[in-house]
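Subject: The structure I promised you

Hi,

Here is the structure we talked about, ready for you to open and turn around. Have a look first, and then read on for what I found in it.

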Amino acid sequence: MYSLHTKIAHAPVVHDLLVLPFEQRERCRQRARLASGEEVALFLVRGTVLRDGDLLTGEDGRVVRVVAAPEPTYLVRCSDATMLARCAFHLGNRHTQTQVGTGWLRIRVDPVLKEMVEGLGAQVDTELAKFEPEAGAYAGGHSHGHDHDHGRGGLLAPVPVRQKIHRPSDVARPEPA
């Protein structure tokens with residue numbers, strides 16, 4: 001069985017495709033089947049999330065392109081930006097993986113979340129689509145449609161080098177008189 005273990009940035013030739021839904025693109029150790037039917041083993045660095053278009057290679061140098069498989073999703077639209085932001089806030093508050101687009105949000109099918117955003121005034125449609133949720137503020141990159149890193153090494157938010165933890169005992173107390 002062929003093993004894929006390294007992400008690469010560019011390749012002159014792509015030998016095969018690896019079509020996976022997002023749930024499988026989050027797993028770094030698994031067996032999968034290429035578009036050609038060949039079975040492969042993925043042995044990626046822990047925490048690796050594969051994105052549509054990523055290139056992988058293994059010991060013999062063959063290159064495989066990752067393709068996001070269409071999967072059942074909910075497309076969330078709102079009548080105004082404030083309502084859409086409110087929906088995004090509540091989805092994020094529930095740690096829901098969310099894909100963000102211009103004027104819309106996309107989430108995995110979950111009837112409870114659908115009811116929640118509809119209750120906030122959103123229109124929700126079921127669709128078969130490639131699901132590419134945001135990587136998160138501290139992840140090594142993001143996926144909202146362009147190829148640059150905002151000058152922070154791919155991070156969407158700065159990561160504190162040393163964070164002060166405040167405890168109640170840290171409060172200066174006056175000396176007894």
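This is a predicted model, and the mean pLDDT of the protein chain is 85, with 77% of its residues at 70 or more. One stretch to treat with care is residues 141-157, where the pLDDT is below 50. In the model, that stretch still has 33 contacts beyond near neighbours in sequence. Where pLDDT is low, the predicted coordinates should not be read in detail.

Now for the overall picture. The protein chain has 177 residues, and 34% of them are buried. Its secondary structure comes to 3 helices and 10 strands. If you follow the sequence from start to end, you will meet them in the pattern β-β-α-β-β-β-β-β-α-β-β-α-β. Among contacts between residues at least 6 apart in sequence, 60% join residues at least 24 apart. The accessible surface is about 11,100 Å², and carbon and sulfur atoms account for 54% of that.

Next, try to find the sheet. Six strands form an open sheet in the order 2-6-5-1-4-3, and the pairing is mixed. Strand 2 and strand 3 (residues 29-33) are the edges, each pairing on one side only. From one strand to the next, the twist averages 40 degrees. As a general point, strands of a sheet pair through backbone hydrogen bonds, either parallel or antiparallel. For one pair to look at, take strand 2 and strand 6 (residues 63-68), which run parallel and are joined over 5 bridges. Within strand 6, V67 stands opposite V19.

How many salt bridges does a search of the whole structure find? The count is 8, and a few of them are worth a visit.

- K7 and D54 meet through their side chains at 3.2 Å, N to O. K7 is in strand 1 (residues 2-8) and D54 is in the loop between strand 4 (39-43) and strand 5 (55-58), so this salt bridge ties together parts that are 47 residues apart in sequence. K7 is partly exposed at 41% relative accessibility. D54 counts as buried because its relative accessible area is 17%, under the 20% cut-off.

- K130 and D52 form another salt bridge, at 3.6 Å, N to O. This pair also links distant parts of the chain: K130 belongs to strand 10 (residues 123-130), D52 sits in the loop between strand 4 and strand 5, and they are 78 residues apart. K130 is partly exposed at 37% relative accessibility, and D52 is partly exposed at 36%.

- R62 and D60 meet at 2.9 Å, N to O. R62 is partly exposed, with a relative accessible area of 26%, and D60 is partly exposed at 46%. Elsewhere in the search, R25, R51 and E132 are joined into one network by salt bridges that share partners.

One last stop is P12. Is P12 buried or exposed? With a relative accessible area of 89%, P12 is exposed. You will find P12 in the loop between strand 1 and strand 2 (16-20). P12 and V63 are 51 residues apart along the chain, and their C-alpha atoms are separated by 9.2 Å.

Enjoy exploring, and write back with any questions!

Best wishes

Key. Residues numbered from 1 in each chain as written. Predicted model: local features only at pLDDT ≥ 70, side-chain atom pairs only at ≥ 80, totals over all residues. Heavy atoms only, no water. pLDDT = per-residue confidence, 0-100. Contact = heavy atoms within 4.5 Å. Salt bridge = Lys/Arg side-chain N within 4 Å of Asp/Glu carboxyl O. Helix = DSSP H or I, 4+ residues; strand = E, 2+ residues; numbered from the N terminus. Buried < 20%, exposed > 50% of the residue type's maximum accessible area, 1.4 Å probe, protein only. Areas by Shrake-Rupley, 256 points an atom, 1.4 Å probe, with all protein chains shown as cover. Pairing = 2+ DSSP bridges. Axes fitted to C-alpha atoms, helices over the stretch in contact; angles between N-to-C directions.
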